[in-house]
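Please explain how this protein chain is built, going from its open spaces to its strands, its long helix and a few single residues. A careful account in connected paragraphs would be most useful.

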Amino acid sequence: EHALLRQLMDSFELGDVVLADRYYCSYFLIALFMAKGADIVFQQHATRKTDFRTGQKLSTRDHIVTWQKPKSIPTWMTPSQYDTFPDELTLRELKRNGRVLVTTLLSDKTASKAALTELYKQRWQVELDLRNIKTVLGMDTLHCKTPDMNEKEMWVYFLAYNLIRLLIAASAAKAAILPRQISFKHALQLWLVWHHQPRAFNDNTQDVLLILIAQQRVGNRSGRIEPRNLKRRPNAYPLLMKPREEARLLVIKYGHPKKLK
């Protein structure tokens with residue numbers, strides 16, 4: 001994932017603020033963003049220990065520290081590239097609600113602990129967007145048999161996702177609310193029903209559709225925690241790894257295989 005992110009570095013500009021989980025909280029990645037003029041708000045990596053007794057204290061469990069450049073060179077980097085990185089980074093570390101955040105926003109006057117904590121919560125929207133694309137739209141399983149066709153299939157899903165988001169944005173503007181307050185799944189289901197109705201799609205019917213979309217709001221689920229467990233048990237059968245006709249012949253000859261435990 002780091003390699004894929006480095007390929008997108010040209011997309012970041014001066015003044016951008018990047019939110020990411022602890023996986024991306026590495027010295028070299030932060031240095032790349034700082035070179036672009038972008039600020040970061042990352043969760044502290046689990047392997048790095050934070051000692052709030054050191055550095056320049058701003059408030060309780062909030063300080064400015066200096067990170068030293070790692071001595072070892074990553075496998076993706078050449079020695080000449082390693083030399084271009086600064087020898088140290090000045091960063092701010094803060095802890096709130098049991099989570100340690102690392103940021104390049106050093107001023108506690110313009111970026112308070114509470115504001116940074118609320119800002120980092122928005123990172124969860126990435127997980128929800130991926131769920132909407134993969135689960136709600138159904139892109140968790142691709143059905144084509146070649147890489148090129150699978151890529152085309154993915155672009156169709158992305159196009160459908162953006163079209164639903166466009167409907168949500170128009171509905172939110174009409175209702176004077178934030179687009180994130182509207183349920184993606186509700187908007188999708190409503191559009192599918194609306195699209196198959198034998199009515200002309202004009203300005204009047206479009207307004208009715210936008211009003212209906214805005215009626216279903218998502219709940220305020222800040223800090224929600226769910227167990228990482230499946231509620232429904234999967235079917236205990238082996239995967240079909242050979243042509244169906246060949247599998248039928250094996251069933252005729254040997255009978256059905258036993259269920260997996």
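In this predicted model, the lining of the largest pocket is made up of 18 charged, 13 polar and 11 nonpolar residues. The pocket itself has a volume of about 2000 Å³, and of the 42 residues that line it, Trp-124, Gln-125, Leu-128, Arg-221 and Arg-224 are the closest to its centre. Among the helices, α4, α5 (124-136) and α7 (184-195) each supply at least two residues of this lining, and the largest share, 10 residues, comes from α5.

Helix α5 also takes part in the second largest pocket, where at least two lining residues come from each of α1 (2-7), β1 (17-20) and α5. With 5 residues, α5 gives the most to this lining as well. About 900 Å³ of space lies in the second largest pocket, and 22 residues line it, with Glu-1, Leu-5, Tyr-24, Val-126 and Leu-130 nearest its centre. By class, the lining of the second largest pocket divides into 14 nonpolar, 3 polar and 5 charged residues, while that of the largest pocket has 11 nonpolar, 13 polar and 18 charged residues.

Enclosed space is a separate matter from open pockets. Rolling a probe the size of a water molecule over the atoms shows where empty space is left. In this structure there is 1 cavity of 30 Å³ or more, and about 30 Å³ of space lies in the largest cavity. The residues that line the largest cavity are Arg-96, Arg-99, Leu-101, Thr-117 and Tyr-120, and the elements that give two or more residues to this lining are β6 and α4 (113-121). Sorted by class, the cavity lining has 2 charged, 1 polar and 2 nonpolar residues.

The cavity leads on to the strands, since Leu-101 is one of its lining residues and is also the bridge partner, in β6, of Leu-94. Strand β5 (residues 88-96) pairs with strand β4 (residues 62-68) in the antiparallel sense over 7 bridges, and β5 is joined to strand β6 (residues 99-103) by 5 bridges, again in an antiparallel arrangement. Leu-94 can be followed across both pairings, for this residue of β5 stands opposite Asp-62 and is also matched with Leu-101 in β6. Strands β5 and β6 form a hairpin with 2 residues between them, and in the turn Asn-97 has a positive phi of about 55°.

Beyond β4 the chain enters the loop that runs between β4 and α3 (79-84), and Ser-72 lies in this loop. Is Ser-72 buried or exposed? With a relative accessible area of 52%, Ser-72 counts as exposed, because the cut-off for that class is over 50%. Although Ser-72 and Tyr-82 are 10 residues apart along the chain, their C-alpha atoms are separated by 9.4 Å.

Helix α6 (residues 147-175) has 29 residues, and the distance from its first C-alpha to its last reaches 42 Å, close to the 42 Å expected at 1.5 Å a residue. Its buried residues are Asn-150, Glu-153, Tyr-157, Tyr-161, Ile-164, Arg-165, Leu-167, Ile-168, Ser-171 and Ala-172, a list that includes charged side chains such as Glu-153 and Arg-165. Trp-155 also lies in α6, but this tryptophan has a relative accessible area of 55% and is therefore classed as exposed, over the 50% cut-off. Trp-155 and Thr-84 are 71 residues apart in sequence, and in space their C-alpha atoms are 37 Å apart. Just after the end of α6, Ala-176 takes a positive phi of about 60°.

The cysteines make a last point of comparison. A disulfide is a covalent bond between the sulfur atoms of two cysteines. How many disulfides does the model contain? The count comes to 0 disulfides, under a rule that asks for a pair of cysteine sulfur atoms within 2.5 Å. As for their surroundings, Cys-25 has a relative accessible area of 5% and is therefore buried, since that value is under 20%, whereas Cys-144, at 27% relative accessibility, counts as partly exposed because 27% falls between the 20% and 50% limits.

How values were computed. Residues are numbered from 1 along each chain as its sequence is written. This is a predicted model: local features need pLDDT of at least 70, side-chain atom pairs count only at pLDDT 80 or more; totals for chains, interfaces and linings use all residues. Side-chain values use heavy atoms; hydrogens and water are left out. Buried means under 20% relative accessible area, exposed over 50%, partly exposed in between (1.4 Å probe, protein chains only). Two strands pair if DSSP finds at least two bridges between them. Helices (H or I, at least four residues) and strands (E, at least two) are DSSP runs, numbered from the N terminus. The expected span of a helix is 1.5 Å times one less than its number of residues. On a 1 Å grid over the protein atoms alone, a cavity is a set of points where a 1.4 Å probe fits but cannot get out, and a pocket is an open set with protein on both sides within 12 Å along at least five of seven lines; lining residues have an atom within 4 Å of a point. Grid points are joined across faces, edges and corners, and a volume is the space filled by probe spheres set on the points.
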